[in-house]
Amino acid sequence: MARRSVLRASDFDREHVAERLRNATAEGRLLASELEERLTAALTARTYGELDALVADLPVVRERARRAPVMLQV
């Protein structure tokens, strides 16, 4: 079985990492120049290992479970 780092990444995987990088820049974690460099690398990455290296120093984003709106009775 191949290690994850050598498996080929898809266009979706590259775009997902690019979005994480854009969000990190908006949060002040990356400078605009860093974003540009990492986006270029992300969009040309071939493997998961290359993509993982681009976000290794960023916190993992966990999606919050969405709650149904609370209905108030009047």
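**Core.** I started with the largest nonpolar core of this predicted model. It holds 14 residues, and I looked up which of them touch the most other members: Val17, Leu21, Ala42, Leu51 and Leu58. Next I checked which elements feed this core with two or more residues each, and found α1 (11-26), α2 (32-44) and α3 (48-55). The largest share, four residues, comes from α1.

**Leu51.** I picked one of those well-connected core members, Leu51, and listed its contacts, skipping neighbours within four places in sequence. Leu51 is in contact with Ala9, Asp13, Arg14, Val17, Ala42 and Ala45. Val17 and Ala42 were already in my notes as core members that touch the most others.

**Whole chain.** I stepped back to look at the overall layout. The protein chain has three helices and zero strands, and from the N terminus on its elements run α-α-α. Of its 74 residues, 27% are buried. I also looked at the contacts between residues at least 6 apart in sequence: 68% of them join residues at least 24 apart.

**α1 against α2.** How do α1 and α2 pack, in angle and in distance between axes? I read an angle of about 170°, with the axes 9 Å apart. The angle is over 145 degrees, so α1 counts as roughly antiparallel to α2.

Then I wrote down who meets whom. From α1 come Arg14, Glu15, Val17, Ala18, Leu21, Arg22 and Thr25; from α2 come Leu35, Arg38, Leu39, Ala42 and Leu43. Sorted by character, the residues of this contact are seven nonpolar, one polar and four charged.

**Arg14.** A charged residue in that contact deserved its own entry, and I chose Arg14. It is found in helix α1. Is Arg14 buried or exposed? Its relative accessible area is 14%, under the 20% cut-off, so Arg14 is buried. I followed its side chain and found that it reaches the backbone oxygen of Ala45 at 3.0 Å. Not counting residues up to four places away in sequence, Arg14 touches Ala9, Ala42, Leu43, Ala45, Arg46 and Leu51. I was pleased to meet Ala9, Ala42 and Ala45 again, since these three are also contacts of Leu51.

**Leu43.** From Arg14 I moved to one of its partners, Leu43, whose place is in helix α2. Leu43 has a relative accessible area of 48%, and I noted it as partly exposed because that value lies between 20% and 50%. Beyond its neighbours within four places in sequence, Leu43 is in contact with Arg14, Glu15 and Ala18. For Glu15 I also took the C-alpha separation, which is 7.3 Å for a pair 28 residues apart along the chain.

**Leu35.** My last stop was another α2 residue of the helix contact, Leu35. Its relative accessible area is 16%, again under 20%, so Leu35 is buried. Which residues does Leu35 touch, not counting those up to four places away in sequence? I found Leu21, Arg22 and Thr25, and these three are on the α1 list of the helix contact. I also looked up Leu35 with Asn23: the two are 12 residues apart in sequence and 9.9 Å apart in space, C-alpha to C-alpha.

Methods. Residues are numbered from 1 along each chain as its sequence is written. This is a predicted model: local features need pLDDT of at least 70, side-chain atom pairs count only at pLDDT 80 or more; totals for chains, interfaces and linings use all residues. Side-chain values use heavy atoms; hydrogens and water are left out. A nonpolar core is a set of buried Ala, Val, Leu, Ile, Met, Phe, Trp, Tyr and Cys residues joined through side-chain atoms within 4.5 Å. Buried means under 20% relative accessible area, exposed over 50%, partly exposed in between (1.4 Å probe, protein chains only). Contact means heavy atoms within 4.5 Å. Axes are lines fitted to C-alpha atoms, for helices over the stretch in contact, and angles run from 0 to 180 degrees between N-to-C directions. Angles under 35 degrees count as roughly parallel, over 145 as roughly antiparallel, 65 to 115 as roughly perpendicular and the rest as oblique. A polar contact is a pair of N or O atoms within 3.5 Å; within protein, one must be able to donate a hydrogen and the other to accept it, and residues adjacent in sequence count only if both atoms are side-chain atoms.
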